[in-house]
Amino acid sequence: MEYDTRQKKEVIDMLRASGGGLGARELASRLGDVGLSSVYRILSQACREGLVAVSMRGRERIWSYVGSCSHHLHGCCSSCGALVHIDEAVSGRIAALLETEGLRLSEGAMISLLCPECSRKEAGK
Ligand SMILES: [Zn+2]
Ligand SMILES: [Zn+2]
C-alpha cells in the first residue's frame with residue numbers, strides 16, 4: 001500500500017519522542033496535520049515492519065516505538081501500562097516453548113503482564 005513517508009516519519013518521531021506509549025487519537029491531535037485514519041494506517045504498517053508495538057490500556061490501543069529493539073519480545077503492564085523489554089535470552093526461550101506447540105507470536109505482539117513494580121504491589125496486598 002502506498003502511503004506518505006513524511007507523515008510516517010512524523011508519526012514515528014512523535015512516538016519515539018514521547019518515550020512511552022500513545023493512543024492513535026492522541027497522536028493525531030498532537031500532529032495536527034495528519035488525520036486519524038492516516039495515523040491508524042501508518043501505525044498498522046509500522047507494526048508489521050516491527051517499528052511499533054501495540055498494547056491495550058483499558059479499551060484503547062496504545063502504540064509504542066520499539067524500532068531500535070529487534071531480538072526480544074515486549075510486554076505491557078496491565079496495571080500501569082508500562083512497556084517492558086523482555087530480556088533477549090528469556091524472549092528466545094518463550095518463543096522456543098511456543099514453537100513446541102506450533103505457536104508463534106504475531107508481529108508486534110505484546111505480552112500482557114505485570115511489571116516488577118506492580119507485581120510487588122500485588123504480592124504485598
Ligand atoms: Zn506496572
Ligand atoms: Zn525492546
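Tutor: Two strands count as paired if DSSP finds at least two bridges between them. In this predicted model, one such bridge links Gly-23 to its partner Ile-62, which lies in strand 3.

Student: How many bridges join strand 1 to strand 3, and which way do the strands run?

Tutor: Strand 1, made of residues 22-23, is joined to strand 3 by two bridges, and the strands run antiparallel. Besides the link from Gly-23 to Ile-62, you can find Leu-22 standing opposite Trp-63 of strand 3.

Student: How many bridges join strand 2 to strand 3?

Tutor: Strand 2 and strand 3 are joined by six bridges and run antiparallel. Ile-62 of strand 3 appears here as well, as the bridge partner of Ser-55. These strands form a hairpin with two residues between them, and Gly-58 in the turn has a positive phi of about 65°.

Student: What order do the strands of this sheet have?

Tutor: To read a sheet, follow the pairings from strand to strand rather than the numbering along the chain. Here the result is an open sheet of three strands in the order 1-3-2, with antiparallel pairing. Strand 1 and strand 2 are its edge strands, since each of them pairs on one side only.

Student: Which strands does helix 1 lie across?

Tutor: Helix 1 lies across strand 1, strand 2 and strand 3, and it runs at about 85° to strand 3.

Student: At what angle do the axes of helix 1 and helix 3 cross, and how should I read that value?

Tutor: An angle between axes is read by the range into which it falls, and values of 65 to 115 degrees count as roughly perpendicular. The axes of helix 1 (residues 5-18) and helix 3 come within 10 Å and cross at roughly 75°, and the two helices are therefore roughly perpendicular to each other. On the side of helix 1, the contact uses Gln-7, Lys-8, Val-11 and Ile-12, which meet Ser-38, Val-39, Ile-42, Leu-43 and Ala-46 of helix 3. Sorted by class, the residues of this contact are six nonpolar, two polar and one charged.

Student: How do helix 1 and helix 2 pack, at what angle and how far apart?

Tutor: Their axes lie 11 Å apart, and helix 1 packs against helix 2 (residues 24-31) at an angle of about 110°. That value makes helix 1 roughly perpendicular to helix 2. The crossing of helix 1 and helix 2 is right-handed. Helix 1 contributes Glu-10, Val-11 and Met-14 to the contact, and helix 2 contributes Leu-27, Arg-30 and Leu-31. Here the classes are four nonpolar, no polar and two charged residues.

Student: Helix 2 and helix 3 remain to be compared; at what angle do they pack?

Tutor: Helix 2 and helix 3 pack at about 120°, and their axes are 9 Å apart. That makes helix 2 oblique to helix 3, because the range for roughly perpendicular ends at 115 degrees. Helix 2 passes helix 3 in a right-handed crossing. In the contact, Ala-24, Arg-25, Leu-27 and Ala-28 of helix 2 meet Leu-36, Val-39, Tyr-40 and Leu-43 of helix 3. By class, this contact has seven nonpolar residues, no polar residues and one charged residue.

Student: If I step back to the whole chain, how many helices and strands does it have, and what is their order?

Tutor: The protein chain has five helices and six strands, and from the N terminus on they run α-β-α-α-β-β-β-β-α-β-α. The C-alpha trace spans about 45 × 35 × 25 Å along its principal axes.

Student: Into which domains is the chain divided, and how far apart are their centres?

Tutor: The domain assignment gives domain 1, residues 5-65, and domain 2, residues 74-124. Taken over C-alpha atoms, their centres are 21 Å apart.

Student: How many residues of each domain are in contact with the other, and which elements of domain 1 take part?

Tutor: Twelve residues of domain 1 are in contact with seven residues of domain 2. On the side of domain 1 that touches domain 2, the elements giving two or more residues are helix 3 (36-48), strand 2 (52-57) and strand 3 (60-65). Strand 2 gives the most, with five residues. By class, the residues on this side of domain 1 are five nonpolar, five polar and two charged.

Methods
Residues are numbered from 1 along each chain as its sequence is written. Chains are lettered from A and ligands numbered from 1 in the order in which they are written. This is a predicted model: local features need pLDDT of at least 70, side-chain atom pairs count only at pLDDT 80 or more; totals for chains, interfaces and linings use all residues. Domain bounds come from an automatic or database domain assignment. Two residues are in contact if their C-beta atoms, placed from the backbone, lie within 7 Å. Helices (H or I, at least four residues) and strands (E, at least two) are DSSP runs, numbered from the N terminus. Ala, Val, Leu, Ile, Met, Phe, Trp, Tyr, Cys and Pro count as nonpolar, Asp, Glu, Lys and Arg as charged, and the others, Gly among them, as polar. Axes are lines fitted to C-alpha atoms, for helices over the stretch in contact, and angles run from 0 to 180 degrees between N-to-C directions. Angles under 35 degrees count as roughly parallel, over 145 as roughly antiparallel, 65 to 115 as roughly perpendicular and the rest as oblique. A crossing is left-handed if the near helix is turned anticlockwise from the far one by less than a right angle, and right-handed if clockwise.
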